[in-house]
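Me: Got a minute to go through this one with me? I'll post it here.

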Amino acid sequence: SGASLVPGRTRDVADDFVTTRQQGRPQRLHSAADEISSGEFYPTIEATTKTMRENAKPLYDEAFAPVSDANGRVFARWDQRLEDLLQSPDIKNAMAVGIENEKRLALAGNRAFSFEEYAVKGFDDAGNLIFDGTPNLRSMDAAKRGLDSMINKHRDGVTGKINWDADPSLRSLDALRKSLVSKLDEITTVDGRSVYAEARKAWSGPATEMDAMWQGRRFLKGDEEVSKSAFDKLSPENQEMFLLGVRREVTKIINTDTQTATNKFADKKADLWIRFRNILPEKKFKAFKSSIETEIQKAKNETAINPKYGSPTELNRQNVNDLSRAPSILVDTLDSAKSGGIFGVLSALGGGASSYL
């Protein structure tokens, strides 16, 4: 049954009503999602990346700058321990990974890249680095970043933890990374201050924020209780970043197909609502769920008015003939209906509707 099947003015009224309401659905759903967080995911990523570079770059530049002895002679900070580390095949492999990553990021960010900054000439045909004399601290930092990348491949997307059992070599690679970091901290320390340690701290703060945002993008994956545990362990600031990622996923659901998006939030999606309850304050959760439930009911009512299922059955034709006398009453009372379907709508009209049944 449906009012859109009524010939003439009834059909026009029903079609206009449904069309107008559907046009407003995207904004209403996005407004509901505002209870989770703002929709500024990518602008926040850009701003955070900018903060990372602006805060950390001067410190990294200072840490890697050449130093002079008492006579003004410039020398590279290097010692036997660094040389021993450099001779490790794992360090050389990690350095290649780190420098290649930096080259890729420079291209993505439209920034200049020079192998000379790392005291290397480039890569040979086998993908190995070609050194140009003694590597510098910047190239050793690239090795540290390469080790980070190699280890982080085994980080769980939901919990954020490294799966140390995934590869027997992971723990030894992590031990090597920590040893390299300790040496770089030591060799850049002057009067008790390690510039390299300060640079890493300036970088790691915004980096953990971005990790939390991307972790939020994956909140639909994995067990909901595991997701809650991972969320609860975040700092309050990073929980806000996590919710920013969640909001981006909700935005994606809405934008993929706005007119069917309500189906993705239906009450039968118990797992989804458990996840939302786990991460949202009670007040925001209730406001978000209430707005979504209202929109679901609106969608059901629109279907009752204009199902567009093709040729009507005999029962549909009978109902249309009866309903042709009261289209305005039907439209005015749809949003108060307790259940889907035309008979549920008419029941909401009360005793005055009995003559139409």
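Reply: Sure, let's go through it piece by piece. Bear in mind that this is a predicted model.

Me: Start with the nonpolar cores. How many residues does the largest one have, and which have the most contacts inside it?

Reply: It has 35 residues. Those with the most contacts inside it are Leu 82, Ile 91, Met 95, Ile 99, Met 140, Leu 180 and Leu 184.

Me: Which elements give two or more residues to this core?

Reply: α3, α4 (80-86), α5 (89-108), α6 (137-152), α7 (170-187) and α8 (195-217). The largest share is from α6, with seven residues.

Me: And what does Leu 82 touch?

Reply: Leaving aside residues up to four places away in sequence, Leu 82 touches Arg 77, Leu 137, Met 140, Lys 183, Leu 184 and Ile 187.

Me: What's in the second core?

Reply: That one is separate and has 24 residues. Among them are Leu 29, Ile 253, Leu 280 and Ile 296.

Me: Switching to helix packing. How do α3 and α10 pack?

Reply: Helix α3 (residues 41-64) meets helix α10 (residues 236-256) at an angle of about 140°. Their axes are 9 Å apart. Angles over 145 degrees would count as roughly antiparallel, so α3 is oblique to α10.

Me: Which residues meet there?

Reply: From α3, Phe 41, Tyr 42 and Thr 44. From α10, Met 241, Leu 244, Gly 245 and Arg 248. By type, the contact divides into four nonpolar, two polar and one charged.

Me: Now the strands. Do β3 and β4 run parallel or antiparallel, and how many bridges join them?

Reply: Antiparallel, with three bridges between β3 (residues 120-123) and β4 (residues 129-131). One pair of bridge partners is Gly 122 and Ile 130, the latter in β4.

Me: What's between the two strands?

Reply: Five residues, and the strands form a hairpin. Gly 127 in the turn has a positive phi of about 90°.

Me: What about positive phi in a residue that is not a glycine? Where is Asn 110, for one?

Reply: Asn 110 lies in the loop between α5 and β3. Its phi is positive, about 55°.

Me: Is Asn 110 buried or exposed?

Reply: Exposed, because its relative accessible area is 74% and the cut-off for exposed is over 50%.

Me: And Asp 191, what is its phi?

Reply: Near 55°, again positive in a residue other than glycine. Asp 191 is in the loop between β5 (189-190) and β6 (193-194). Asp 191 has 81% relative accessibility, so it counts as exposed.

Technical notes: Residues numbered from 1 in each chain as written. Predicted model: local features only at pLDDT ≥ 70, side-chain atom pairs only at ≥ 80, totals over all residues. Heavy atoms only, no water. Pairing = 2+ DSSP bridges. Helix = DSSP H or I, 4+ residues; strand = E, 2+ residues; numbered from the N terminus. Axes fitted to C-alpha atoms, helices over the stretch in contact; angles between N-to-C directions. Parallel < 35°, antiparallel > 145°, perpendicular 65-115°, else oblique. Contact = heavy atoms within 4.5 Å. Nonpolar A, V, L, I, M, F, W, Y, C, P; charged D, E, K, R; others polar. Core = buried A, V, L, I, M, F, W, Y, C linked by side-chain atoms within 4.5 Å. Buried < 20%, exposed > 50% of the residue type's maximum accessible area, 1.4 Å probe, protein only.
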